[in-house]
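Student: Could you pick one helix contact in here and walk me through it closely? After that, just keep going with whatever else is worth a look.

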Amino acid sequence: MSLAVVYSRASIGINAPLVTIEVHLGNGLPAFNLVGLGDAAVRESRDRVRSALLNSDFEFPAKRITVNLAPADLPKDGGRFDLAIAIGILAANGLLPDLDFTQVEFAGELALSGEVRPVSGVLPFNFACHEANRIAYLPKDNCEQAGLINDSRIIAVESLSSLFLHLNKQQLLPFYQPKKTCSQPSYSIDMQDIVGQASAKRALEIAAAGNHNVIFCGPPGTGKTMLAQRLITILPSLTSNQALETATLYSILGNDLDPENWSQRPFRQPHHTSSSIALVGGGANPMPGEISLANHGVLFLDELPEFQRKTLDVLREPLESGKVCISRARRQVTYPAQFQLVAAMNPSPTGSINDGRSTPDQILKYLSRISGPFLDRIDLQVDVPKLSAEEFNLQQDDTSESSEIVKERVCCARKLQLERAGKLNSQLSNKEIKEYCHLSHTDRFFLQNAVEKLGLSMRAYHRVIKVSRTLADLENSTQINRLHLAEALGYRALDDIIRQLSV
């Protein structure tokens with residue numbers, strides 16, 4: 001009887017727990033049993049591994065084969081264990097003698113011909129393998145993505161036979177050399193593309209500086225979508241850890257990453273027919289949704305009232321916590337969701353409040369599709385008015401600031417925030433607001449009076465203070481003053497519309 005032990009890793013959220021693959025060849029009637037809480041794809045590896053071994057000119061052992069994927073209570077899915085199982089069978093059959101498997105890990109799906117196919121989730125796999133100081137044997141098509149982990153040791157595998165020759169030191173495979181990646185993302189769009197709308201561009205700069213959520217409200221064709229798309233052009237570049245965390249989420253889904261521009265902030269724009277699960281993630285094997293794919297980037301919801309109200313309300317908790325916890329009967333997974341929400345909408349079902357085609361009741365019914373608690377979590381509500389032909393012609397030749405110039409001010413403001421509190425203004429707790437957002441007695445009375453007249457909640461009250469703190473940071477001011485508070489209160493366009501219609 002022979003026993004071989006090799007190592008691979010499962011995929012549970014953004015983690016890759018170690019899986020020990022024990023292969024035992026015993027006497028008795030020929031059989032191939034696979035145990036260890038694997039799904040249908042894992043159980044089907046018996047047939048893939050058998051055909052791959054035979055088509056790679058190996059003799060399949062006519063013995064009782066038992067393959068155990070430990071730990072037994074850890075759910076396992078996909079074809080990622082095929083390569084490790086095949087190597088385990090060869091080792092247990094005595095074809096790979098005196099080989100130390102404690103320093104290597106395998107991942108890859110086998111074709112019936114013996115070729116090694118790519119798998120999903122190689123970034124968390126290689127990161128965990130690198131942390132364990134082991135060599136990762138990965139499919140060749142996965143190596144470019146796995147190479148994003150600095151200083152990791154990767155060997156690209158094309159086929160089972162070539163890996164066998166390498167392990168027997170007959171024909172060694174080289175370590176994969178990752179390509180140099182571009183550290184600065186490039187964009188084909190710019191803030192200069194937007195004609196007029198100085199107030200909306202100012203609000204976009206504030207949103208970028210303090211990481212505030214923003215909603216643009218205005219008639220069709222006023223540039224709301226253009227504004228939203230240009231937010232990422234004025235945001236600072238991702239740090240290496242932020243870029244790697246976001247890339248890991250795409251790797252879990254099996255998406256390809258552009259090695260030249262993988263550190264660019266994501267911009268996700270789901271359609272308004274998207275379900276709650278599509279936004280936050282889910283499924284029997286919980287996968288990341290749009291809010292996680294927008295991690296450290298922008299989630300743009302166009303035509304906001306057209307989304308189902310219950311769909312929007314599932315975003316309320318992730319907007320506060322920056323993560324989403326998905327619970328299912330067999331597992332619980334937490335995904336990061338530190339996204340910046342940008343939304344766009346028309347102020348009425350006909351497109352404009354002043355077109356005379358909608359009654360106040362119809363407009364209120366339309367706006368009521370967005371719940372008050374959800375709207376409370378939007379820091380900036382910005383009016384984007386329609387430009388007249390004369391205004392458009394006058395402002396078309398004006399040279400506005402480029403994204404690069406605005407980005408410099410944003411970066412300076414963010415640097416002040418990180419030095420002061422270690423986090424951006426939108427993330428400040430109520431205790432930190434008292435510590436870092438001091439108001440004079442008269443300014444506090446002014447704000448409390450304004451909040452009472454506008455009918456704002458306490459959450460909106462604190463968000464006004466956070467926006468005011470960002471306005472002060474953009475001016476490099478240590479103290480929040482009355483002008484900052486007044487401007488922050490001016491970014492409550494939807495509250496103002498609802499209040500006027502309700503009178």
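Tutor: A word on axes before we start: a helix axis here is a line fitted to the C-alpha atoms over the stretch in contact, and the angle between two axes runs from 0 to 180 degrees between their N-to-C directions. Keep in mind, too, that this is a predicted model.

Now go to helix α19, residues 441-454, and helix α20, residues 458-474. Their axes come within 11 Å and cross at roughly 135 degrees. Angles over 145 would count as roughly antiparallel, and 65 to 115 as roughly perpendicular; α19 and α20 are therefore oblique to each other. As for handedness, α19 passes α20 in a right-handed crossing.

Which side chains should you click on? From α19, take Arg444, Leu447, Gln448 and Val451; they meet Tyr461, Val464 and Ile465 of α20. Sorted by character, the residues of this contact come out as five nonpolar, one polar and one charged.

Next, scroll back towards the N terminus for a sheet. It is an open one with four strands, in the order β1-β2-β4-β3, and the pairing is mixed. At the edges sit β1 (2-9) and β3 (31-35), each pairing on one side only. From one strand to the next, the twist averages 15 degrees. The partner of β3 to zoom in on is β4, residues 64-70: those two run in the parallel sense, joined over five bridges. One residue to find there is Phe32, whose bridge partner in β4 is Ile65.

Follow the chain out of β4 and you hit something odd in the backbone. Most peptide bonds are trans, but the one from Ala70 to Pro71 is cis, with omega near 5 degrees. Pro71 is in the loop between β4 and α3 (82-92).

For another backbone oddity, try Glu303, in the loop between β14 and α12 (309-313). Its phi is near 55 degrees, a positive value in a residue other than glycine.

While you're around β14, have a look at the aromatics. The structure holds five aromatic pairs, and one of them is Phe267 with Phe300: the ring centres are 6.0 Å apart and the planes sit at 35 degrees, so the pair is tilted. Phe267 belongs to strand β11 (residues 267-268) and Phe300 to strand β14 (residues 298-301), so these two rings tie together parts that are 33 residues apart in sequence.

Notes. Residues are numbered from 1 along each chain as its sequence is written. This is a predicted model: local features need pLDDT of at least 70, side-chain atom pairs count only at pLDDT 80 or more; totals for chains, interfaces and linings use all residues. Side-chain values use heavy atoms; hydrogens and water are left out. Two strands pair if DSSP finds at least two bridges between them. Angles under 35 degrees count as roughly parallel, over 145 as roughly antiparallel, 65 to 115 as roughly perpendicular and the rest as oblique. A crossing is left-handed if the near helix is turned anticlockwise from the far one by less than a right angle, and right-handed if clockwise. Contact means heavy atoms within 4.5 Å. Ala, Val, Leu, Ile, Met, Phe, Trp, Tyr, Cys and Pro count as nonpolar, Asp, Glu, Lys and Arg as charged, and the others, Gly among them, as polar. Rings of Phe, Tyr and Trp (its six-membered ring) pair if their centres lie within 6.5 Å; planes under 30 degrees apart count as stacked, over 60 as edge-to-face and the rest as tilted.
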